[in-house]
Amino acid sequence: MMTLHSLPDFTHERVTTAVGRRSGLTMAVALHSSALGPGLGGCRMWRYGHWSDGLGDVLRLSAAMTLKNALADIGYGGGKAVIALGPDDELDAERRTAALHDMGDLVEQFGGTYITAEDVGTTEHDMLVVHERTRHVVGLPPEQGGEGEPADGTALGVFVSIERAFAELDGSASLAGRRIVISGLGQVGGRLARRLAAAGASLAVTDIVASRRALADELGADWIDVDAALTTPGDLFVPAGLGGVLTDEAIDALPVRAVVGPANNPLAERSGAARLAARGILYAPDFLVNAGGVIHLALASRGASPDEIERRLHGIGDTLDEVFAAARADGVTPLDAAEALAVARVRGGRVSA
């Protein structure tokens, strides 16, 4: 019997779901909006309880990419790809290559209206394999003439956003002595932790991968249990793993003053933004603060200099200031203000087109 799974409202231009002819895996590409340019967003490879959970993921993530890319002002629309592994799927090298070739074929069907890149579960080297089947891919290794790993750009954008959040809270962007809790020390979370520690922040960190405790020891950070990440007191919480961690229950117990992090969709429900505001917790929208990766990929693919890319990454903080100011002026949450700004830009793009 087919299980029914909740899906977001369908607002997309095009969605294609297929079973890879080589790998036998279900995969999907979703183009949410091309009003501002081709849809740009990564290819996620993840385990799902049911293939339709992967479809729901690609619909939500592609819509978020429209908002992210609009606020980043990079000339791209929103899209995303998902390779849905089953709960028990184990990929050897041969089947992984097959899955990536299948995805390349699917991306090629979009004729350049969607451009893919690495995401959770894939790497820049995986993008080389996808590139064997389509040219519509960015983020290839630098030694292959590509733009390289975008995690540094994402981490810098979040770091700048954390500084601006503290400036919004009490007028000082200094991180010295701030207590920051980080959940997730992967490619972005680990880089961010290094930046925060170098700036003088006091860190409490965790990750589901126990070996990453070595980074905590290196930085002099406190290692906490994964289950304690949402209940450890601090000035600011950084969700840097998978989304959906900020449930109503978690928000009601969250002992921090602000939430700023690179995880996509950290709010389990959109209403969580208002719930955080009601508790006096400042929330910086994820699709704004974690845009450093797409900024890096978009600008580097056009030949921008490292100085220009860094300037644009710091510009994330300026946009966040604009969002905070609009939220104060209009009496709405920062999420409402960020979405309104992004939607206005997308509508402007449609009018121009």
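The legends below describe close-up views of a predicted model.

**View 1. Packing of helix α2 against helix α3.** Helix α2 spans residues 93–108 and helix α3 spans residues 124–131. Their axes are 7 Å apart and meet at an angle of about 60 degrees. The two helices are therefore oblique to each other, and α2 passes α3 in a right-handed crossing. On the α2 side, R96, T97, L100, H101 and G104 make the contact, and on the α3 side D126, V129 and V130 do so. By class, these residues comprise three nonpolar, three polar and two charged.

**View 2. Surroundings of H101.** H101 belongs to helix α2 and is one of the residues through which α2 contacts α3. Its relative accessibility is 16%, and H101 therefore counts as buried, the cut-off being under 20%. Apart from neighbours within four places in sequence, the residues in contact with H101 are R22, V129, E132 and R133. V129 is also listed for α3 in the contact between the two helices. A268 lies 167 residues away from H101 along the chain, and the C-alpha atoms of the two are separated by 33 Å.

**View 3. The hairpin of strands β1 and β2.** Strand β1 covers residues 14–19 and strand β2 covers residues 26–33. They pair in the antiparallel sense, with six bridges between them. V19 has T26 of β2 as its bridge partner. Six residues lie between the strands of this hairpin, and G24 has a positive phi near 75 degrees.

**View 4. The open parallel sheet.** Six strands make up an open sheet with parallel pairing, in the order β9-β8-β7-β10-β11-β12. The edges are taken by β9 (222–223) and β12 (282–283). Each of these has a single partner strand, so one side of each is left without a neighbour in the sheet.

**View 5. Pairing of strands β10 and β11.** Within the sheet order, β10 is followed by β11. Strand β10 consists of residues 236–239 and strand β11 of residues 258–259. Two bridges join them in the parallel sense. In one pairing, the bridge partner of L236 is A258 in β11.

**View 6. Helix α4 across the sheet.** Helix α4, residues 151–170, lies across β7 (179–183), β10, β11 and β12. The helix runs at about 150 degrees to β10. Among the strands it crosses, β12 stands at an edge of the sheet.

Conventions: Residues numbered from 1 in each chain as written. Predicted model: local features only at pLDDT ≥ 70, side-chain atom pairs only at ≥ 80, totals over all residues. Heavy atoms only, no water. Axes fitted to C-alpha atoms, helices over the stretch in contact; angles between N-to-C directions. Helix = DSSP H or I, 4+ residues; strand = E, 2+ residues; numbered from the N terminus. Parallel < 35°, antiparallel > 145°, perpendicular 65-115°, else oblique. Left-handed = near helix turned anticlockwise from the far one by under 90°. Contact = heavy atoms within 4.5 Å. Nonpolar A, V, L, I, M, F, W, Y, C, P; charged D, E, K, R; others polar. Pairing = 2+ DSSP bridges. Buried < 20%, exposed > 50% of the residue type's maximum accessible area, 1.4 Å probe, protein only.
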